[in-house]
Structures are given as structure tokens and as C-alpha cells.
Amino acid sequence: MTKTDLTLSGAPSRRAVLGALGAGAAVLAAPRLARAQEGTLVVSNWGGDWNERTIRFVEAPLVESRGIKIVRDLGMEPERKAKLIAEKRLKRGTIDVIHINEGDSVELNAQEVLSDIDFSKVPNYADVVPALKSKPFFVPWLYSGVSIIYNKDKVPNPPKSYEELWDKKWAGRIGLTNQLYFNYIMMAGLIKGGNVTNTEQGKERLVQLKELTQPRIYAAHQQLGAGLVNGEVDIAVNYKARGLQWANDGAPLAIQYPSEGAIAVMFGAALPKRAPSPDLAYIYFNAMLDRKAMAGLAGASFYAPANAKADLTDELRAKVDFTAAQAAALKFPDYAHVAKNTAEWLEWWNKNIAR
């Protein structure tokens, strides 16, 4: 403070007091702004290339660049879900954001461990494909559909529907994976004019498929992809995105959208009720749906972006997304029905199909 800012008695002048108050307000505002931008965010996610893409396109450029420190809690979904459920007894949990698929979000919500999301705090949510906005506790992110993937060098006339897989001419040529057992039950229930909850008939039809074609069963997606590449099988039933990934690696594969409508699969994130930093979680959710980030993820993973206005080239959008007719025909599973039956279905699958 200069001499001119003092009265003759040595007390601060009115101008000095007002200036000091203004400076003080600025100082107080700065920490509040910093706290909104900085802090620690714990993100539960899958590892591997899924996590690497999340870091590359979302976390590093759009979250960590704001001074937010991300602690990554990586693992497969059973362990990560179990941890979240165990923390429901705590006053304060350890996870701020959990990456899950839509089905797991329904299961966790039934366990009362997820909060409904205030989407007004996620501006980019306004651009999400309307059909994906079905859960108040789930942020849609990437999606695909269970399609028919085939070796175009060996299968010049591929099945154009799920139902056409039930044909002896495909004996020994079809590959399935244990990871999609409930999708296959729904697929079999969907044919002949059925629906995704027609699962008792679906199980009966899967037994028929096994008798007709003796499909090769693989433990996981990666093994199924390898089976396609090395010629063990010529046809696989899996996510469109997986087929595009394998084709991008050089395999002579093509995708057939089933005429019944593909069973949809969707990945995203949720907010745990005991999240220690929910304000930072909202910053993260909005970053997930960023137009540029979504375009980068689509190009790297071949999943379709939930943000309808993602900055995709026309060529990339035609490859990873669905036409208007295909999108309208997507079959979204009834995950409440799945949650009630999945344990029994898995036991049935292991006894009747996988062995």
C-alpha cells in the first residue's frame, strides 16, 4: 500500500479498503476455481488396450490436462463390481467413476450402489443418440451389435440372418465364445419372430444348433478371433466392432448385419453412491462424450460413438456405425430379465453347449 492510500491519521483510505477487498475476493475465488479443476479422481476400468485408449483420447487430453490426478483401479468386471458392492456399507467409498457395460449397470443399480446422474451437469449428453438414453444411472459411451462375421474368401454367400445359421452346410464352420452365452440365448429366442425375452425357446434352439452344426466354442473373444484368422472356423457370431478390429489387423473378414436386427451391446460409466469426488466425476463424464474424443475412440476401437455429433469422417461413420434402418432394428436386451436368469443360463450353457 502506498502513502497516498493512507489518511492523515495513518488509517487505510476508503479506496485502499475497497481495493483490498477486491483483491481478497479474487484470492478466495482462485482456490475455489482450483478445487473445481484439481483433485484426485479414482476410475475403475478394464485394463489392456481398452484402458490405453481411454487414457489417450479422454483422460490425458481432457481430464488430467485440467490438473485432475487420476488413480486407475483396473481389473475385470466381476472383481470391480464386487468391490463396489462391498463398499456400500461404508460412509465414503473409494471409486468415483466405474466403467461398465449396460447390463452390469442394471445389476449394480439393483444392488443400490449407483447414483442417478444429473445430466444437466454433463452438457455433451444432449448429443447422445436418443435410443441410448434409457438409464438414469448410466452414461452411454460406445456401442455395437452382435453380428455375423465371416471369412469373405471362404464364404461368398454368408448367412444374412441369425436363423440361417441353423443349417447343416455350416457344420464345423461356426465359432462362438463363452463370453457371449446370454447373447446367443437371446439370439436364438429372437428368430422365427421371437424377441429377446423368448429365452426358454432360445435354449431349445441352441441345442438344435449344436446338433446341426457342432459349433466350435472358444473361451474368449481373442481366441475366437484367432480361430477365424487361422482357418479353424469361417463364421463367428460376435460384436461388429470385434470383427472390424480383426479385419483391421489384416484378416479377410466382412460383417453381415442380421435381418432380425442385431442384439445391441453398450459400454459406458456410472457414478457410485459413495463416490468421494462426484464433482470431478461429472467433469469426467462430459469428457467421455467429447466429440473429438469420441471420434478418436471410434477410429481406434471400431465401436460406434454414443455422441451422434462425434467428429467422424463419413468413411469412418459408415464403417463403425449403423444405417438408420439398422439402428432402428437394434434389439436392446431386457437386462432386468437377464439379471434374474443369468446364473441359471450360465450353468445351462456350460452343461449343454460349452462341453
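## Close-up views of a predicted model

At 52% relative accessibility, E204 counts as exposed, because exposed means over 50%. This residue belongs to helix α6. The model shown here is predicted.

**View 1. E204 sits in helix α6.** E204 is an exposed residue, with a relative accessibility of 52%. G189 is 15 residues away from E204 along the chain. The C-alpha atoms of E204 and G189 are separated by 8.8 Å. G189 is one of the buried residues of helix α5.

**View 2. The whole chain holds 13 helices and ten strands.** It has 355 residues, and 50% of them count as buried. Consider contacts between residues at least 6 apart in sequence. Of these, 73% join residues at least 24 apart.

**View 3. Helices α6 and α13 cross at roughly 20°.** Helix α6 covers residues 199-213, and helix α13 covers residues 335-354. Their axes come within 12 Å. The two helices are therefore roughly parallel to each other, since angles under 35 degrees count as such. The crossing of α6 past α13 is right-handed.

**View 4. Side by side, α6 and α13 share a contact.** From α6 come T199, K203, L206, V207 and K210. From α13 come H337, E344, W345, W348, W349, N352 and I353. By class, this contact has six nonpolar, three polar and three charged residues.

**View 5. Helix α5 is largely enclosed by the rest of the structure, because ten of its ten residues are buried.** The helix runs over residues 181-190. Its buried residues are Y181, F182, N183, Y184, I185, M186, M187, A188, G189 and L190. What covers them includes helices α6 and α13. Strands also take part, among them β4 (139-151), β5 (174-177), β7 (235-239) and β9 (263-270). Just after α5 comes K192, with a positive phi of about 60°.

**View 6. The largest nonpolar core has 100 residues.** Those with the most contacts inside this core are L41, L206, Y284 and F285. L206 also takes part in the contact of α6 with α13. F285 touches V97, I117, V122, V139, A269, A270 and L271, leaving aside residues up to four places away in sequence. Apart from the largest core lies another core, of nine residues. Among its members are L228, A236, A251 and L253.

**View 7. N151 is placed in strand β4.** Is this residue buried or exposed? N151 is buried, with a relative accessible area of 7%. Residues up to four places away in sequence are not counted among its contacts here. N151 touches L228, D234, P252 and L253. L228 and L253 belong to the core of nine residues.

**View 8. Two loop residues, Q214 and F302, have positive phi values.** Phi of Q214 is near 45°. Q214 is in the loop between α6 and β6 (216-218). Phi of F302 is near 70°. F302 lies in the loop between α10 (291-301) and β10 (304-305). F302 is buried, because its relative accessible area is 5%. Neither Q214 nor F302 is a glycine.

Key: Residues numbered from 1 in each chain as written. Predicted model: local features only at pLDDT ≥ 70, side-chain atom pairs only at ≥ 80, totals over all residues. Heavy atoms only, no water. Core = buried A, V, L, I, M, F, W, Y, C linked by side-chain atoms within 4.5 Å. Buried < 20%, exposed > 50% of the residue type's maximum accessible area, 1.4 Å probe, protein only. Contact = heavy atoms within 4.5 Å. Axes fitted to C-alpha atoms, helices over the stretch in contact; angles between N-to-C directions. Helix = DSSP H or I, 4+ residues; strand = E, 2+ residues; numbered from the N terminus. Parallel < 35°, antiparallel > 145°, perpendicular 65-115°, else oblique. Left-handed = near helix turned anticlockwise from the far one by under 90°. Nonpolar A, V, L, I, M, F, W, Y, C, P; charged D, E, K, R; others polar.
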